[in-house]
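Me: Could you pick one part of this model and take a close look at it for me? I'd like to know what packs against what there, and how that part ties in with the rest.

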Amino acid sequence: MNKQFEIPTYTEPNFDQEKFINAPNAKLVEVVEDGISPENYHALSVFPEYFKINGKWVLAVESRMDTVCVAYDTPGEEHVEIVEFRNLKKGDKVVIGRTEDGSEGIYVYTEGFLQKSSEEATFAFREGRSRETAFSKDYDEIFDILKHEKENNGYVTWILGTATSLDPQSREAIQHLVEQGYVNAIFCGTTAVAADLEMGVYGTTLGQEEYLNDQNTFTNYYEIINAVNDAGSIETFVKSGKVKDGFVKACVENEVDIVIAGTIRDRLTFPDTYNNVYEAQDAMRAHVKKTSTIIMTSAILFTIASGNMTPSYNEFNGKVRPVYMYTVDIQEFAVNKLSDRGTLTAKSIVTNTQDFVKNISRNLVD
């Protein structure tokens, strides 16, 4: 019998050590103009970071890349917030300093989830994953994690590439995962949604009942986008009864949000598409802040964007726990790109995305 899955316990640093006791408070400099950070700002990572404020070491929850730390130093109310540069406001107190060993009141901590029986951290750097890697252990881990998230009110965010919409079986697999409660939010582009709706209405993929790369037509694809625009929203179109099946229909019926971010390549988008990049980021981050597991499949640009804004840990119900991250793609380059950009805690799986979601669904769906 397999041991019941448990979330690793987080252990704080020992702040009774002399180096922490003698460390200075973090230096704070006020913002003088909205959106402009003071020089020598401290840029955050995806790892747990602590800041010394009024003699107290304060953990920054939701730490993520490409952000700065805004500190609040009112005695008895010390806390920090993680803020994108563009969201800085005049008067915000930004933490200054580039060292991370505590000597400037800033401490980056990578050992919070070390297992007592092993020297390997939960957030160990991932090495050498390729098509030849055996991923059976990873699948077992994902099954356990997703079951745990469903049973314990976790929050699972999926990034979907168009590939899952082009294959009827993988599309059905995502639909079933949504219906069974293994999906809490989806990030994707216009094409992933349009292809799913095209199949749900016309039974075609890029104009064909059988997907053939050399005979594509976008007629039905644009008909769908036009029809949704005419209806006013994806939800209204789905509720019209015209969509027979698919993950978009399942999301509407199960109140699962789909964040659709537009790109420069889009020729036509939905009313629901975020065509302003900052608005898309804000919509994605609203879900990322709640996310306890994120699975990124066959969408390299969305994967990099989502991975960089997702912390390796977060606080849920007063407890600090890891945020599980998986990136899935048939190309080794694609899955490794995320770690190249600094998200070192994502575990990569090199496989066909369509097979991946079907395997997940087969093992989880009743």
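**Phe 270 and its surroundings**

Reply: Let's start with Phe 270: not counting residues up to four places away in sequence, Phe 270 touches Thr 190, Val 193, Ala 194, Leu 197, Ile 224, Ile 225, Val 228, Asn 229, Ile 234 and Ile 260. Keep in mind that this is a predicted model. Phe 270 belongs to the largest nonpolar core, a set of 50 residues, and is one of those with the most contacts inside it, along with Trp 158, Phe 356 and Ile 360. There is also a second, separate core with 24 residues, among them Ala 23, Ala 26, Val 80 and Val 320.

For scale, the chain has 366 residues, and 51% of them count as buried. The secondary structure adds up to 12 helices and 15 strands. If you take contacts between residues at least 6 apart in sequence, 69% of them join residues at least 24 apart.

Ile 260, one of the residues Phe 270 touches, brings us to a sheet. It is an open sheet of 6 strands, in the order E10-E9-E8-E11-E14-E15, and the pairing is parallel. Strand E10 (257–260) and strand E15 (347–350) are the edges, each pairing on one side only. From one strand to the next, the twist averages 15°. Further into the strand order, E11 (residues 293–297) and E14 (residues 324–329) pair in the parallel sense over 5 bridges. Within that pair, Ile 295 stands opposite Tyr 326 in E14.

What else does E14 do? Tyr 324 in that strand takes part in an aromatic pair, and the structure holds 14 such pairs. The ring centres of Phe 5 and Tyr 324 are 6.2 Å apart with the planes at 55°, so this pair counts as tilted. It links distant parts of the chain, since Phe 5 sits in the segment before helix H1 (18–21), 319 residues away from Tyr 324. The two partners fall into separate classes of exposure: Phe 5 is partly exposed because its relative accessibility is 21%, while Tyr 324, at 10%, counts as buried.

Another pair joins Phe 20 and Trp 57, with centres 5.5 Å apart and planes at 80°, so this one is edge-to-face. It also links distant parts of the chain, with Phe 20 in helix H1 and Trp 57 in strand E3 (residues 56–60), 37 residues apart. Phe 20 is buried with a relative accessible area of 2%, and Trp 57 is buried too, at 14%. Both belong to one aromatic cluster, together with Tyr 10, Phe 15, Tyr 50, Tyr 107, Tyr 109 and Phe 113. There is a charge-over-ring arrangement as well: Arg 98 lies over the face of Tyr 41, 4.8 Å from the ring centre.

Now for some antiparallel pairing. Strands E4 and E5 run antiparallel and are joined by 5 bridges. E4 (residues 68–72) is mostly covered, with 4 of its 5 residues buried. Val 70 stands opposite Glu 81 in E5. The hairpin of these two strands has 6 residues between them, and there Gly 76 takes a positive phi near 85°.

Val 83 is worth a stop in E5 (residues 79–83). With a relative accessible area of 11%, Val 83 is under the 20% cut-off and therefore buried. Leaving aside neighbours within four places in sequence, Val 83 is in contact with Thr 67, Val 68, Val 70 and Leu 88. Leu 44 is 39 residues from Val 83 in sequence, with the two C-alpha atoms 9.8 Å apart.

To finish, here is a polar residue in helix H12 (residues 353–364): Ser 361. Is Ser 361 buried or exposed? Its relative accessible area is 8%, so Ser 361 is buried. Its contacts, again without neighbours up to four places away, are Ala 173, His 176 and Leu 177. Next to it in sequence is Ile 360, which we met as one of the residues with the most contacts inside the core of 50, just like Phe 270.

How values were computed
Residues numbered from 1 in each chain as written. Predicted model: local features only at pLDDT ≥ 70, side-chain atom pairs only at ≥ 80, totals over all residues. Heavy atoms only, no water. Pairing = 2+ DSSP bridges. Axes fitted to C-alpha atoms, helices over the stretch in contact; angles between N-to-C directions. Buried < 20%, exposed > 50% of the residue type's maximum accessible area, 1.4 Å probe, protein only. Contact = heavy atoms within 4.5 Å. Phe/Tyr/Trp six-rings, centres within 6.5 Å; stacked < 30°, edge-to-face > 60°. Lys NZ or Arg CZ within 6 Å of the ring centre and 35° of its normal. Core = buried A, V, L, I, M, F, W, Y, C linked by side-chain atoms within 4.5 Å.
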